[in-house]
Amino acid sequence: MRITCVGGGPAGLYFAVLAKLADPAHEVTVLERNPAGVTYGWGVVFWDDLLDDLFRHDPVSARRIWDAAYKWDEYEVRATGKAVSYLAGYGFSLGRHRLLDILGARAAELGVDLRYRSEATDDPDADLVVACDGAGSRVREHDAAHFGAEVVHGRNRYIWLGTPHVFRTFTFGFEKTEAGWIWFHAYPFTDEASTFIVECTPETWAGLGFDELDGRDGCDRLARIFADHLDGEPLIDQRAESGGTGWMSFRRITNRRWDHGNVVLTGDAAHTTHFAIGSGTKLAMQDAMTLADAINADAGGDLGAALERYEHTRKAALAPLQAAAKASSEWFERMNDYGDLPAKQFSYALSNRRGAYPLWRYVLHVSTQRGAGRAMLRRALALRRWSRARRRPGFGAPVEGPQHRHDPAHIGG
Ligand SMILES: Cc1cc2nc3c(=O)[nH]c(=O)nc-3n(C[C@H](O)[C@H](O)[C@H](O)COP(=O)(O)OP(=O)(O)OC[C@H]3O[C@@H](n4cnc5c(N)ncnc54)[C@H](O)[C@@H]3O)c2cc1C
């Protein structure tokens, strides 16, 4: 089959890898408008569930992702006037740039034709066109009436920044200013840098003057607001430095249909999920897995039926996460209602922003804030991370190809 993936983000590159693994005779091309190695954004977070799926589908790239990932081992919550508090949980983060390097190298090894600096035409010539061209998908817009995209803008403003300050672990930081609360979601993704996403209501955003500050001045102002957290390091706005706009409101995109003839939507082109639950990359890669599985199961058969099955499976799988993401983003829109809670209640409200936890979670939260309770919980979770990792197929295989920079000794904190 001749397959063209429009877009070389996580969805496009990972689908290309899986299509080639399923059948090396497939002719797979990825068209990416940017030059190789150029992308937007900083690090992304993910959890064990994605790693389980990655190891099941391609242990080789999964092992490289595991090795390159930064492993953090709890959430820290800081807020003006409150003691620091902690939320149990561990996770992984990886620079978007690094993730695309790993996937691009794996695709090239398998014989995928990667064409950088290639803007797709409206109608690529292929048996299957996989639209993985992101939230602003040109392929989707070309047939907008059929796909029926709906775009809802979130109320809050956010900006996706980076910093050379390496946070110890995933950190939420809330600062009370004269114009209201403003906060960051930050996490290390290498030994040299952290992602730093700033968010606030539109009233606070305008009240602090961000409607009139350009990139560099805006970053300097934010660095002053968050000076207590940055150890004198700057904040960097990649988009402003390349002439784009930094501050945005989140676009929640859904589509009535995901396929049309030989064209199918994946990743952000099909759906977006608010960054407050850090799942867009995971969902894009899981789309790629389900699509590859569906096509593989129907090899030589009815492509239309395979695309339908992919769409139905993914829509059902996405529904609970999209509901969680919506609840989570709405919690941040109501942040001012929670700002005066005492530290432990505040951080618990933050962790329970989907509103789904039983009472024992609160008891566990309060009893593991300090000393032995916190240390024991972190150790138990570190153990769980490792035992789950070791059970994955191919985890113990020797690593070949692009090497990682992060020291695995860090694992478990
Ligand atoms: C602030 C923020 C933080 C986030 N944090 C996380 C996180 O922590 N964890 C997580 O899992 N997700 C996170 N996400 C979401 C994640 O970035 C996206 O969901 C994910 O990148 C979607 O992958 P994709 O491959 O569908 O699209 P994209 O990554 O957007 O890739 C699309 C590609 O298509 C290319 N392209 C577009 N049009 C064309 C064309 N016409 N021709 C050729 N090429 C084209 C683009 O250049 C791009 O490379 C975050 C998003 C935001 C905004």
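**Starting from a cysteine in a strand**

In this predicted model, Cys-5 has Val-30 of strand β2 as its bridge partner. That pairing is a handy place to begin, so let's widen the view from there. Strand β1 covers residues 2-6, and five bridges tie β1 to β2, with the two strands running parallel. To get from β1 to β2, the chain passes through helix α1, residues 10-22, and the resulting β-α-β crossover is right-handed.

Now take a look at β2 itself, which spans residues 27-31. Is this strand mostly covered or mostly open? Mostly covered: four of its five residues are buried. Besides its bridges to β1, β2 also pairs with strand β8, residues 113-115, and those two run in the parallel sense over three bridges. One contact to look for here is Thr-29, whose bridge partner in β8 is Asp-113.

Back to the cysteines. How many disulfides does the structure hold? Zero. A disulfide needs two cysteine sulfur atoms within 2.5 Å, and you can check that cut-off against a couple of residues. For Cys-5, the closest cysteine sulfur belongs to Cys-132 and sits 4.6 Å away, so the pair is too far apart for a bond. For Cys-200, the closest cysteine sulfur is in Cys-219, at 14 Å, which is also too far for a bond.

What about their surroundings? Cys-5 is buried, with a relative accessible area of 0%. Cys-200 is buried too, and its relative accessible area is 0%.

Note on methods
Residues numbered from 1 in each chain as written. Predicted model: local features only at pLDDT ≥ 70, side-chain atom pairs only at ≥ 80, totals over all residues. Heavy atoms only, no water. Buried < 20%, exposed > 50% of the residue type's maximum accessible area, 1.4 Å probe, protein only. Pairing = 2+ DSSP bridges. Right-handed = clockwise from strand over helix to strand, strands pointing away.
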